[in-house]
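Please look at the sequence and the fold below before reading on. The report concerns one sheet and the elements around it.

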Amino acid sequence: MLMIQNRIKVLAYANQFQEMFLSKDIFLIPYYIAKKMGGECRYLYTHNLGNTEIPSEHRGVEIIQTKNRNQWKVFLQEILTHSKDIDVLFLTGSSAVHMFATFLYKKINPKGKVVVFGDMEEPQACELNQNGFHYSGGLVGWLKDKLTDYFFRHVTYLVANTAAYHLMTDLFERKHWNGLLHFYPCLDDEKFESYGLKRKPFAEKENVMVCVGRIGCYQKNTEMLLNALRKTDLKDWKIYMLGPITSSFDLKEGGDFQKVIDQFFEECPWYKERLIFTGMVYDQKAVFEYYNRAKVLLATARHEGFANVYSQAAALGCYVISTDVGGADVCSNDWKYGIKLRQNDSVGLANVLADLVCGKLEVPEEYAIPFAEMSYSYRVKRVLLPKMSLKPDMYKL
């Protein structure tokens, strides 16, 4: 029986959460599911990973810290008792408790939908591909295998990292599971448009490059960029380094890398007006405006899951100069709108930068990805909901 339902209830749960996640896919995916289904979203979390208090409401979403600290009790006492009132259950990860909770939820509410945020990088996906989630022998192993099989036959499982997605595709095909979806961070178009902003044509952009992330941590490999700049001249170009100088994931400022930066400016003082460290930019509008001004996104990371910066930069028309890490291939339109750098190759990066600032590097604007295709509204409505067998304003109960 097909029924029209004006309000679709989405319940999202994350064992670990922090305030900075409110601008990331872990929050925005369930938010946009509810938005595109014309319903409401509630978010539960158990532990606050950060040092900043998480608000009790954000963009119309009620955010609640669970009374229980044990995940089993959270599901049994705070979530599954409301199964019939939950139309979409959004989970982060494929732990045993999530698998068992999905089994019970589907038994209580067979027509409810489960979306799993399978955040992973290539090494984890490689391990799962090899062992197929099989870790135990005997009766316990048999029961776990049965539960795993049930779980992956009844969820929509989201993987962002391209290499991890391909590895998981191989596993899903072997197991005859069909809920896998390549779904990655997008630009928060509702927020972008609320600022009255529009994507600038490439011709109207400035001779600006942006590098976004935790400056100085091992993962981001800022040294590669500094070494490249020692070998080239930016001429009239500027590079804005957006992010804290830190090795800490909770974005605390400070650390030994400031000494590396100070030494760089002592050796190359002419860069003080060209290489600009902004610190952490908390104003989202300002971040969007940096991307909108910039012609190029620079990224030298050693590894990534799928960094938000790629999607945001691509949505706003930035040419991608990056190492081949998660997200770079997608947001460079499979490198038709970007340059792929070798890992830790400062000489290669210096050559690319020299060609760019001298005008030898032609940017093929026709291969830039359209704004809409990199937005949450588009990808949730056109990609995720159909995979869930849902359509906006039409929900089969």
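What follows is a description of one sheet, one of its strands and the helices beside it.

The model shown here is predicted. In it, six strands, paired in parallel, form an open sheet whose order is β12-β11-β10-β13-β14-β15. The edges of this sheet are β12 (275–279) and β15 (338–341), each of which pairs on one side only, and from one strand to the next the twist averages 20°.

Strand β14 (residues 319–323) is a useful place to study the pairing in detail. It pairs with β15 in the parallel sense over 4 bridges, and with β13, also in the parallel sense, over 4 bridges. Within these pairings, Ile 321 of β14 has Ile 339 in β15 as its bridge partner and Leu 298 standing opposite, while Ser 322 stands opposite Lys 340 in β15.

Turning to burial, 5 of the 5 residues of β14 are buried. Both faces of the strand are covered, with Tyr 319, Ile 321 and Thr 323 buried on one side and Val 320 and Ser 322 buried on the other.

Helices accompany the sheet as well. Helix α11 (residues 308–315) joins β13 and β14 in a right-handed β-α-β unit, and two helices that pack on the sheet are listed here.

| Helix | Strands touched | Angle between directions |
|---|---|---|
| α8 (residues 222–229) | β11 (238–242), β12, β13 (296–299), β14 and β15 | about 165° with β11 |
| α10 (residues 284–293) | β10 (208–212), β11, β12 and β13 | about 135° with β10 |

Methods. Residues are numbered from 1 along each chain as its sequence is written. This is a predicted model: local features need pLDDT of at least 70, side-chain atom pairs count only at pLDDT 80 or more; totals for chains, interfaces and linings use all residues. Side-chain values use heavy atoms; hydrogens and water are left out. Two strands pair if DSSP finds at least two bridges between them. Axes are lines fitted to C-alpha atoms, for helices over the stretch in contact, and angles run from 0 to 180 degrees between N-to-C directions. Contact means heavy atoms within 4.5 Å. Buried means under 20% relative accessible area, exposed over 50%, partly exposed in between (1.4 Å probe, protein chains only). A crossover is right-handed if, with the strands pointing away from the viewer, the path from the first strand over the helix to the second runs clockwise.
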